Amino acid sequence: MPEATAADVTRAVEAAHRAFAGRDWAGLTATARGKLLYRLADLVQAAAPRLAALETRDTGKIIRETSAQIAYVADYYRYYAGLADKIEGAHLPIDKPDMEVWLRREPVGVVAAIVPWNSQLFLSAVKLGPALAAGCTVVLKASEDGPAPLLEFARLVHEAGFPPGVVNILTGGPDAGRALTTHPKVAHIAFTGGPETARHIVRASAENLSKTSLELGGKSPFIVFDDADLDSAANAQVAGIFAATGQSCVAGSRHLVQRSVKDAMLTRLKAKAEAVTIGTPDQMTTEVGPLCTQRQRDRIQALVDASVAAGAKLITGGTTPDGPGFYYPPTILDCTDAPDAPCVRQECFGPILSVIAFDTEDQALTLANDTAYGLASGVFTRSLTRAHRMIRGIRAGIVWVNTYRAVSPIAPFGGHGLSGHGREGGMAAALDYTTVKAVWLRTSDDPIPDPFVMR
């Protein structure tokens with residue numbers, strides 16, 4: 001794949017800046033922008049099988065996941081297509097009798113969007129959809145670890161009829177990212193990735209004082225109380241940590257289980273982990289495929305070894321298999337006696353589950369919040385009152401109760417702490433790509449009074 005240079009980045013940003021001010025885009029009504037997004041949604045839906053196969057081939061993500069996810073991506077574009085002409089201003093009951101004051105929401109400008117290799121068509125949609133609905137233009141940098149699907153997606157943007165320069169897609173690494181995030185004509189940076197890269201982006205944004213929205217992953221607690229449906233909880237936990245081979249920002253990687261049902265849950269989870277079908281990612285029967293890169297597998301193995309050395313008990317998995325491919329088996333570590341093991345503290349981004357027992361509700365809440373992250377969480381209980389107490393007490397941007405890993409374009413997605421800030425999805429995301437303009441209209445025909453007195 002080509003690696004964009006700083007000059008390439010400048011060309012893309014300049015194109016986006018011209019398009020932002022040009023009549024072909026800025027002159028469109030919000031409804032017309034929405035119709036372009038509807039057209040893009042239809043094209044994405046029609047191309048979903050081809051895009052899914054391409055993403056699977058380029059990243060190793062299993063075809064079962066990419067097929068379902070990319071088909072759903074079209075609904076994100078449809079949601080924001082419908083929202084485009086629903087972004088409203090406001091009239092203010094101002095405290096001056098001869099004034100009318102109202103607020104306009106206007107697009108913030110050129111958006112720099114940076115996405116990782118995992119779920120990149122989805123992670124692009126949650127940025128492009130609201131940004132385009134708001135009237136912004138976008139320069140999107142694909143991950144250097146798997147950019148092919150976004151180059152194919154660029155063809156669909158062109159076919160949908162978006163004016164030149166409205167959406168620009170680059171392939172490149174850190175140098176391209178640095179040039180993009182520091183460019184003086186970038187007004188907003190939308191980033192999904194890791195905290196360390198996010199720190200560089202925040203520093204870069206000091207150059208152009210751009211806004212930032214950061215979605216950075218997590219170390220999400222998956223809490224099971226003794227009154228929960230254990231079979232349902234076990235299935236949800238498998239979905240939360242072994243789906244997508246654990247390469248998911250909302251992975252429920254910390255399994256907090258009430259001590260009285262710990263053995264029963266471990267028995268279920270161990271059996272399910274060992275029954276997972278590991279295979280090539282292009283087969284619909286495969287449930288866990290390879291990791292995306294060799295360095296990721298090496299990192300996971302080192303983290304598991306360090307956790308066992310720190311006192312974690314290996315329940316299943318934990319060994320890199322022989323043979324081709326970056327495979328790693330579903331792994332469960334009992335960390336009840338090693339709550340500070342590396343696998344408990346660090347985001348693994350792989351099929352690694354850390355289990356910790358608790359006795360009381362207060363202990364569960366303390367353990368859940370004992371992390372620098374704050375993206376997602378899951379609570380499994382039949383008690384309505386307990387569920388509400390946990391919802392209030394958990395410090396995370398998402399709380400799933402008796403379910404896990406459910407998403408929708410209608411619901412905002414995001415966290416706080418090391419999980420970042422800002423939201424993707426819902427009306428909140430679209431508003432994030434706008435700026436507020438206050439308009440003052442004097443209604444009196446009398447001459448303006450004393451010019452040296454502030455009104």
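Buried here means under 20% relative accessible area. Keep that in mind for the last close-up; the model shown is a predicted one, and it holds 31 salt bridges.

**Close-up 1. Asp 8 pairs with Arg 11 inside helix H1.** The two side chains meet in a salt bridge, at 3.5 Å from N to O. Both residues sit in helix H1, which covers residues 6–21, and because they are three residues apart there, about one helical turn separates them. Asp 8 counts as partly exposed at 25% relative accessibility, while Arg 11, at 60%, counts as exposed.

**Close-up 2. Asp 145 meets Arg 295 in a salt bridge.** Here the N to O distance is 2.5 Å. Asp 145 comes from the loop between strand S4 (137–142) and helix H6 (148–160), and Arg 295 from helix H11 (residues 294–309), so this pair ties together parts that are 150 residues apart in sequence. As for accessibility, Asp 145 is partly exposed at 24%, and Arg 295 is exposed, with a relative accessible area of 55%.

**Close-up 3. Glu 361 forms a salt bridge with Arg 386.** Their closest N and O atoms are 3.5 Å apart. Glu 361 belongs to helix H13 (residues 361–368) and Arg 386 to helix H14 (residues 384–393), so the contact ties together parts that lie 25 residues apart in sequence. This pair doesn't stand alone: salt bridges with shared partners join Asp 227, Glu 361, Arg 386 and Arg 389 into one network. And back to that opening cut-off: Arg 386 has a relative accessible area of 16%, so Arg 386 counts as buried.

How values were computed: Residues are numbered from 1 along each chain as its sequence is written. This is a predicted model: local features need pLDDT of at least 70, side-chain atom pairs count only at pLDDT 80 or more; totals for chains, interfaces and linings use all residues. Side-chain values use heavy atoms; hydrogens and water are left out. A salt bridge is a side-chain nitrogen of Lys or Arg within 4 Å of a carboxyl oxygen of Asp or Glu. Helices (H or I, at least four residues) and strands (E, at least two) are DSSP runs, numbered from the N terminus. Buried means under 20% relative accessible area, exposed over 50%, partly exposed in between (1.4 Å probe, protein chains only).
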